[in-house]
Structure formats: C-alpha cells, structure tokens
Amino acid sequence: MMRGRSDGGQKKRLIASVCAVALFLCFLYMYYGSSSQGASALEYGRSLRKLGSSYLGGDDDDTKQDGSVSNEEDSLVVAKSFPVCDDRHSEIIPCLDRNFIYQMRLKLDLSLMEHYERHCPPPERKFNCLIPPPSGYKVPIKWPKSRDEVWQANIPHTHLAKEKSDQNWMVVKGDKINFPGGGTHFHYGADKYIASIANMLNFSNDVLNDQGRLRTVLDVGCGVASFGAYLLSSDIIAMSLAPNDVHQNQIQFALERGIPAYLGVLGTKRLPYPSRSFELAHCSRCRIDWLQRDGILLLELDRVLRPGGYFAYSSPKLTRKTKIV
C-alpha cells in the first residue's frame, strides 16, 4: 500500500514539472516573439515613412543607422507646392471645358445634350495648379442673408441681370448682387409660386412640405436656384440642377448663395443620385423633350422619384399652366 501511494505522488510531481516547463517556454516565446514582431512593425513603419517622404519631395537620410529611431516631431516632411493657374483659368470647371471639346474634335450629339455632359481630358492634359480667386474676392455672406444677396466681386458676372431684367432674377446694387426671388415663371416671387403648387396638391395651409411628408426636391433647370432657396424655410432640401450652357454662371450664383447645386443635364447618362431620392421633381418653364427616345428621360425621373412622388413642371408661354403629374 505504501509503494502505491509513493508512485501516485511521483506521477503528480512529474505532471507539475511538465506544466511548469511548458509555461516557461510559452513565456519565452511570447516575450521574444513580440519583440521581433515589434521590430518588424517598426521597420515597416520606417519604410512607409521613407516612401511617403520621397513621394512628397522629402529627403531620404540614408546615413542613419538602422537601429536609430528619429523623433516624429523633429522630422519635417516637405510637401510639394503647386503653382497658381493663369488668370484666364480662374473659372475653369473640371471636365466641362468647352475649349477641350473643340480641340479634341469630339463627335457629340448636340440633340442629346452630350456637349453639356462631362468629358474629362487625358492625364497629360489635366490642370495641376491652384485656381486663383477673382480679383477683390471677399469672404462670402453667410446664410440666411446670402439667400438674398452676395458680393459682386466673388462672381463678377452681371450679364444675367441685364438679360433677365424683366424676370426679376437678380439685381446689381453697388458692390452686391440682390436676388428678389423672381424667376422666369414666378415673377411675383418664388414663395408665392411654391404656395401655389402646394395649393394645387391640396396640402394644408399651402405649405409644400405637407406636414413633413415631402422633404427632398430635384429642381431641373434651376436658374440661380431661387426655387430651392425658398424651399429651405419649409424644411425642404432641394438639389438644383442646371447645365453649363449660355447661362454658364447660374450654378456659381446658386453655390455662392449657399444652395445645394450641381452642374449637370438630362442627356445620355444617369443622374448621379440613387433611386428613390426625391419626393418631388420640378422643372420651371420646361423646354425638355420628355418623350424623346421612347420617354427615357421620364424613366430616369421615375427612377429618382420615390413611390407616390410628384413631377411638377411649368410649360413655356404656349399654355402658361403649371402641370402636376
């Protein structure tokens, strides 16, 4: 009996010794393994820093020993400096340069508005310079005051004020450009025009947001975006869309006023918006042929409208009626 007990004790001591050795080996592996991984990570970080420094124009210091670690605060990275573009490019729009289209002799279908779509130049012809601000540029006026006025120096174009003087688009007053809220089809102001659309839709109190059920609007052919500007007070966000046509500066006015706007056209490409993005699509004094190519433009509007959404458009002077679809 005594011999059996001593054999059992030896087995326990043997198991305890094996476990102790195993724990010691695990400790050694974890200690030295983490150190080597840390050194590898440090070396990888150095290589990335060297790559970034060479890309940005910094000087590689090959004289440093591999084991030395420089202080990040003391290491300065010299960034590349970009030249300022020539003044004649002060209003260039990426991929919407008409001169590029003429020079490349691109075969575009004018009836499909392809010449108003984006056509980007090859890499060797892209501009790699900073766009200079207009002469006399000022800090833009903040919203909501910017809805009604902007600095003329920031957008030195007044031809629209003269061309659209009978439609109350904009008025030049001293060093500012004022926006009375008029438009081609809302001479009495965008606010009254919006209320009339809400009335036609039988919305309560002639408020277009329909108690919060209508929140997003796509305004096609927006002009200087007064329609979208006056929707903001009704808690409605409008995306104003217009091409870079003969009124090429209208989107500049919209952005300077602080109104969401995008240079684009309903042509041969889809609009850059997800499906079912808007509750209402609007087109004032609309001259778009919606039935061309088997109604493909109407299909595109149907794609971006949510189920049960509205399409409101004002026809030219032929009928002088606002239609709701």
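The legends below describe close-up views of a predicted model.

**View 1. The three-stranded sheet.** An open sheet of 3 strands is shown, in the order E1-E3-E2 and with antiparallel pairing. E1 and strand E2 (171–173) are at the edges and each has a single partner strand, so one side of each lacks a neighbour in the sheet. On average, neighbouring strands of this sheet are turned by 30° against each other, direction ignored. E1 and E3 run antiparallel and are joined by 3 bridges. Across from Glu149 stands Asn178 in E3.

**View 2. Phe179 and its surroundings.** Phe179 sits in the loop between strand E3 (176–178) and helix H4 (190–200). Is Phe179 buried or exposed? Its relative accessibility is 2%, so Phe179 counts as buried; the cut-off for buried is under 20%. Leaving aside neighbours within four places in sequence, Phe179 is in contact with Arg147, Asp148, Glu149 and Val150. Its contacts also include Trp169, Met170, Val224, Tyr230, Phe253 and Arg257. Glu149, one of these contacts, is the residue that stands opposite Asn178 in the sheet of View 1. Ala161 is 18 residues from Phe179 in sequence, and the two C-alpha atoms are 9.7 Å apart in space.

**View 3. Strands E4, E5 and E6.** E4 and strand E5 (residues 237–242) pair in the parallel sense, with 5 bridges between them. The chain passes from E4 through helix H5 (residues 226–231) to E5, and this β-α-β crossover is right-handed. Which residue of E5 is the bridge partner of Leu218? The partner is Met239. E5 is also joined to strand E6 (residues 261–263) by 3 bridges, and these two strands run parallel. Opposite Ala242 stands Leu263 in E6.

**View 4. Helix H7 and the strands it packs against.** Helix H7 covers residues 292–304, which makes 13 residues. From the first C-alpha to the last, H7 reaches 18 Å, close to the 18 Å expected at 1.5 Å a residue. Which residues of H7 are buried? They are Gln292, Gly295, Leu297, Glu300, Leu301, Arg303 and Val304. The buried residues of H7 pack against three strands: E4 (216–220), E7 (278–283) and E8 (305–314). E4 also appears in View 3, where E4 pairs with E5.

**View 5. The disulfide of Cys85 and Cys129.** A disulfide is a covalent bond between the sulfur atoms of two cysteines. The structure holds 3 disulfides, and this view shows the one formed by Cys85 and Cys129, whose sulfur atoms are 1.8 Å apart. The link of Cys85 and Cys129 is right-handed, with 90° about the S-S bond. Cys85 lies in the loop between helix H1 (2–56) and helix H2 (98–104), and Cys129 in the loop between H2 and strand E1 (149–151), so the pair ties together parts that are 44 residues apart in sequence. Cys85 has a relative accessible area of 5% and is therefore buried. Cys129, at 23%, is partly exposed.

**View 6. The disulfide of Cys95 and Cys120.** Cys95 and Cys120 are joined by a disulfide, S to S 1.9 Å. With 100° about the S-S bond, this link of Cys95 and Cys120 is right-handed. Cys95 is in the loop between H1 and H2, while Cys120 is in the loop between H2 and E1, so parts that are 25 residues apart in sequence are tied together. Cys95 is buried, because its relative accessible area is 18% and the cut-off for buried is under 20%. Cys120 has a relative accessible area of 49% and is partly exposed.

**View 7. The disulfide of Cys283 and Cys286, and the pattern along the chain.** The sulfur atoms of Cys283 and Cys286 are 2.1 Å apart and form a disulfide. The torsion about the S-S bond of Cys283 and Cys286 is about 90°, so the disulfide is right-handed. Cys283 is buried, with a relative accessible area of 4%. Cys286 also counts as buried, at 7% relative accessibility. Which pattern do the disulfides of the chain follow? With bonded cysteines counted along the chain, the pattern is 1-4, 2-3, 5-6. Another cysteine, Cys222, has a relative accessible area of 9% and is therefore buried.

Methods:
Residues numbered from 1 in each chain as written. Predicted model: local features only at pLDDT ≥ 70, side-chain atom pairs only at ≥ 80, totals over all residues. Heavy atoms only, no water. Helix = DSSP H or I, 4+ residues; strand = E, 2+ residues; numbered from the N terminus. Expected span 1.5 Å × (residues − 1). Buried < 20%, exposed > 50% of the residue type's maximum accessible area, 1.4 Å probe, protein only. Contact = heavy atoms within 4.5 Å. Pairing = 2+ DSSP bridges. Right-handed = clockwise from strand over helix to strand, strands pointing away. Disulfide = S-S within 2.5 Å. Axes fitted to C-alpha atoms, helices over the stretch in contact; angles between N-to-C directions.
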